[in-house]
Amino acid sequence: MGGGSQKKALRFIDLFCGLGGFHQALDSLGHRCVFASEIDPELADLYYKNFGLRPHGDIRFVEPQEIPAHDVLCAGFPCQNYSKAGDQLGLDCPKWGDLVTYIIKILNHHQPRMLIMENVPNLMRHEDGETWKEIRRKLIKAGYDVSESKLSPDMFGVPQTRERAFIVGHRKGLAHFAWPKGTASPNLSIRTILEKKPVEARYLEPHFIEYLKCWQSLINALPKDEPLPTWPIWAMEFGASYPYTSRTPHSRKYRKMGACAGAFGRSLSRLPKDKLLEALPPYAREKSKHFPEWKIEFIRKNREFYRKHQAIIDAWLPRVQNFPPSFQKLEWNCKDGSRNIWSYVIQFRASGIRVKSPRRAPSLVAMSSSQVPVVAWERRYLTVKECSHLQSMGRLKHLPNSKSAAFKALGNAVNVTVVKQIAKSLFKADIQIVQRPIRQRRSMRYELADAA
């Protein structure tokens, strides 16, 4: 069975279970879920429909002794307090920060042989790595040898780039454990998970098509023998000359800027403070003494780009000026590819319009419907079913009824293929650990017989 040759099915628990990615992965290896917890009632109902096991609610209200004995603890604990997109309060988060403590309580009470946990990559970097060091220390104190790594579905043949931090632990050591080393196929393509003319597909609204047409017109006008910028193009910087290298406009108290230009080259001369603020790009209004280095670099590159191609850009610029600020930015993540925006995968993000290779879908996150990747050549968003395939959850019969809830749940889910590969490697190591004492006893008998 699981891992290749376990004689007896392992018992596992599925904490913060969501759509049941851990359940699908371990169940497919022949193992049995004996307990699950999920705070969202709708997801708990779906879990019951899909797996026949009713999850308990908030794990903070479940005593460890109420949980059945188990061999493996699985936990994709909430990531909002570690994610770059969240408040990054970590273990100090009043809502979620104590959840690791409840995991440790269960580990101390039941002492399962193994654990598999998942979170966002930023968990390892949060507070300069101190948050992960503290969690690691707690796991070791609970009796586990621990190892961590970052893995993505595209390493194992799934056309999605979605790096996540995974943690494994074993009470008898990880000497026999090795992280799975996937190698992405050169033929990887998002086209392999696309449905043909899906009835439920949501197509791009006219204004989104206009955003893309506008940017394509700029791409068409630029010299064909020059590569497109690999850094984000910020149209508001075209014509701007406000100070940015040594101090921010805020730290200057917006003084002596009358001779400067704001977004799209708008003059700042004789503007009162409130109007001057409005004339600056939103990202230039931050209340700090200095801009971060990455922002200074992006501003510099955009201004240089404008000076080099001013005639082309000035003819194009009026088309983009009335777009929402997010869509006045373009991130071209397709080096050395076609210059046709309609042949790529698109994501409309707060940071800009992101153009990605069709080989891999962008990372599915707990997203709103507007952030769902767009299949540009079909001028439509990915469907719920297609996103479930990107999370290797195609076997699930039941998903949330509303599209927004389904996309959010899939964005929060663990990828089944990745978990399955990790579990196989961990369970293989477990077999070797369990068998080692038997081999040692046999060796001792032979040595005693030889001595006699």
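This is a short guided tour of a predicted model, one selection at a time.

**The whole chain**

Start with the full protein chain and colour it by secondary structure. You should find 12 helices and 12 strands. The chain has 452 residues, and buried residues make up 51% of them. If you turn on the surface, you are looking at about 21,900 Å² of accessible area, of which 51% belongs to carbon and sulfur atoms. Now think about how the chain folds back on itself: among contacts between residues at least 6 apart in sequence, 68% join residues at least 24 apart.

**First stop: Arg113 and Asp430**

Salt bridges make good landmarks here, and a search of the whole structure finds 21 of them. Side chains of opposite charge can pair when their charged atoms come close.

Select arginine 113 and aspartate 430 and show their side chains. They meet in a salt bridge, with an N to O distance of 2.8 Å. Arginine 113 sits in the loop between helix H3 (99-110) and strand S4 (114-119), while aspartate 430 belongs to helix H12 (residues 416-451), so the pair ties together parts that are 317 residues apart in sequence.

Which of the two partners is buried, and which is partly exposed? Aspartate 430 is the buried one, at 2% relative accessibility. Arginine 113 is partly exposed, with a relative accessible area of 26%.

Keep this pair on screen and add Arg11 and Asp71. Together, Arg11, Asp71, Arg113 and Asp430 are linked in a network of salt bridges.

**Second stop: a pair within one helix**

Move to helix H5 (residues 130-141) and select arginine 137 and glutamate 134, which both lie in this helix. They are 3 residues apart, about one turn of the helix. Their side chains form a salt bridge, and the closest N and O atoms are 2.8 Å apart. Both ends are partly exposed: arginine 137 has a relative accessible area of 41%, and glutamate 134 has one of 26%.

**Third stop: Arg360 and Asp154**

Next, select arginine 360 and aspartate 154. This is another salt bridge, whose closest N and O atoms are 2.7 Å apart. The pair links distant parts of the chain, 206 residues apart. Look for arginine 360 in the loop between strand S10 (352-356) and strand S11 (374-375), and for aspartate 154 in the loop between strand S5 (145-151) and strand S6 (164-170). Arginine 360 counts as partly exposed at 21% relative accessibility, whereas aspartate 154 counts as buried at 11%.

**Fourth stop: a positive patch**

Switch the surface back on and select Arg247, Lys253, Arg255, Lys256 and Lys289. These residues gather in a patch of positive charge on the surface. Pick out lysine 253, which lies in the loop between strand S7 (233-234) and helix H7 (273-279). Is lysine 253 buried or exposed? With 57% relative accessibility, lysine 253 counts as exposed.

**Fifth stop: two backbone angles**

Stay in the loop between S7 and H7 and find arginine 270. Its phi is near 60°, a positive value in a residue other than glycine. Arginine 270 counts as exposed, at 83% relative accessibility.

Then go to lysine 197, in the loop between S6 and helix H6 (206-221). Here phi is near 45°, again a positive value in a residue other than glycine. Lysine 197 is exposed too, at 76% relative accessibility.

**Last stop: Thr417 and Val120**

Return to helix H12 and select threonine 417. Which residues touch threonine 417, leaving aside its neighbours within four places in sequence? The contacts are with Phe156, Val158 and Ser392. You can also draw a distance line to methionine 155: the two C-alpha atoms are separated by 9.9 Å, although the residues are 262 apart along the chain.

Finish at valine 120, in the loop between S4 and helix H4 (122-125). Valine 120 counts as buried, at 7% relative accessibility. For one more distance line, connect valine 120 to glycine 76, 44 residues away along the chain; their C-alpha atoms are separated by 9.5 Å.

Methods
Residues numbered from 1 in each chain as written. Predicted model: local features only at pLDDT ≥ 70, side-chain atom pairs only at ≥ 80, totals over all residues. Heavy atoms only, no water. Patch = residues over 30% accessible without salt bridge, like charges linked within 9 Å, V, L, I, M, F, W, Y side chains within 5 Å. Areas by Shrake-Rupley, 256 points an atom, 1.4 Å probe, with all protein chains shown as cover. Salt bridge = Lys/Arg side-chain N within 4 Å of Asp/Glu carboxyl O. Lys, Arg positive; Asp, Glu negative; His and termini not counted. Charge placed at Lys NZ, Arg CZ, Asp CG, Glu CD. Helix = DSSP H or I, 4+ residues; strand = E, 2+ residues; numbered from the N terminus. Buried < 20%, exposed > 50% of the residue type's maximum accessible area, 1.4 Å probe, protein only. Contact = heavy atoms within 4.5 Å.
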